Amino acid sequence: MLESRFVANEAILAANVDSDVDGIIVYYPIFNNRQDQYLQQLVDVSKDVEGLSHRYIFNMYQNIRFLDPETKRQKCILPCTPLAIIKILEYLKVYNTILPYGNRLFGHTICVVNRSEVVGRPLAALLANDGACVYSVDVTGIQKFTRGEGIKKRRHEVHDLEGKTLKDVVPLCDVVISGVPGDKYKFDTSLLREGAVCLNFSSEKVRSCP
């Protein structure tokens, strides 16, 4: 295990300074613990094509969209799965292109059933930063991601919703996104409002109930 860590460590450091290498992709998990986070931070931001380095993660949550805010020539890279879901929502015309860039989900209420650090939480933050009211759901409870009334705040804030359940928030949502790992999870489709856009990014098919 130590040898594997050393090999990964040295390979990333070597690629960082290799002028023939334009980008670095690391297939995680390697160790499936905090050592993976350490390796993510080793990747030079100029070669991070996955958006997992600290600067990109910080910028994503702070709603900073460019590495060069003054000239706005270099967009921040976003994690691939949250970005793919955003692209799907853009294709489905959920994003309102009449509104200014950065506010194009204003008026939408979205439920994300998954709050993993890899997909669910970043996705909720990105959607909220684009103007949506987002209910983030996991086994510990429900949180509300929002830029406030009238999206007056520059970046999203997070509020715990004590005592709330899916039955309380799903009927409010015009977009519902599920990504629960495992084939035993069931989603009560009777809670969905008519015309809601529904996406599932889990490798397992969502089972409906009752």
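# Cores, strands and backbone of a predicted model

Me: Leaving aside its neighbours within four places in sequence, which residues is leucine 105 in contact with?
Reply: The model discussed here is predicted. Contact requires heavy atoms within 4.5 Å. With neighbours within four places in sequence set aside, the partners of leucine 105 are Val94, Tyr95, Ile110, Leu127, Asp130, Gly131 and Ala132.

Me: Which element gives the most to the largest nonpolar core?
Reply: The largest nonpolar core has 22 residues, and Leu89, Leu105, Ile110, Val112, Leu127, Val134 and Ile177 have the most contacts inside it. Two or more residues of this core come from each of α3, α4, β1, α5 and β5. With six residues, the element giving the most is α5.

Me: How many residues are in the second, separate core?
Reply: In soluble globular proteins, nonpolar side chains tend to be buried together. Here a second core stands separate, and Cys133, Cys173, Val176 and Leu191 are among its members. Its number of residues is 13.

Me: How many of the ten residues of helix α5 are buried?
Reply: A residue is buried when its relative accessible area is under 20%. In α5 (residues 120-129), that description applies to Gly120, Pro122, Leu123, Ala124, Ala125, Leu126, Leu127, Ala128 and Asn129. Elements that cover them include α3, α4, β1, β2, β3 and β5. The helix is thus mostly covered, and the number of buried residues is nine.

Me: Which residues of strand β5 are buried on one side and which on the other?
Reply: In a regular strand the side chains alternate between the two faces of the sheet. Both faces of β5 (residues 175-178) are covered. On one side the buried residues are Val175 and Ile177; on the other they are Val176 and Ser178.

Me: In β7, which residue is the bridge partner of valine 176?
Reply: Strand β5 pairs with β1 (residues 109-113) in the parallel sense over four bridges, and there isoleucine 110 stands opposite valine 175. With β7 (residues 197-200), β5 also pairs in the parallel sense over four bridges. In β7, the partner of valine 176 is cysteine 198.

Me: Is the peptide bond from tyrosine 28 to proline 29 cis or trans?
Reply: Most peptide bonds are trans. Proline 29 lies in the loop between α1 (2-16) and α2 (34-42). The bond from tyrosine 28 to proline 29 has omega near 0°, and is therefore cis.

Me: Is asparagine 32 buried or exposed?
Reply: Asparagine 32 is found in the loop between α1 and α2. Its phi is positive, about 60°, although asparagine 32 is not a glycine. Because its relative accessibility is 64%, asparagine 32 counts as exposed.

Me: What is the relative accessibility of lysine 93?
Reply: Lysine 93 is placed in the loop between α4 and β1. Its phi, near 65°, is a positive value in a residue other than glycine. Lysine 93 counts as exposed because its relative accessibility is 69%.

Me: What phi does glycine 131 take?
Reply: Most residues other than glycine have a negative phi. Glycine 131 comes just after α5 and takes a positive phi. The value is about 110°.

Me: How far apart are the end C-alpha atoms of residues 79-139?
Reply: UniProt, in an unreviewed entry, places the feature "domain: Tetrahydrofolate dehydrogenase/cyclohydrolase NAD(P)-binding" at residues 79-139. Over these residues the chain is 36% helix and 18% strand. The distance between the end C-alpha atoms is 23 Å.

Notes. Residues numbered from 1 in each chain as written. Predicted model: local features only at pLDDT ≥ 70, side-chain atom pairs only at ≥ 80, totals over all residues. Heavy atoms only, no water. Buried < 20%, exposed > 50% of the residue type's maximum accessible area, 1.4 Å probe, protein only. Pairing = 2+ DSSP bridges. Core = buried A, V, L, I, M, F, W, Y, C linked by side-chain atoms within 4.5 Å. UniProt positions renumbered as here; feature names shortened; annotations may be inferred.
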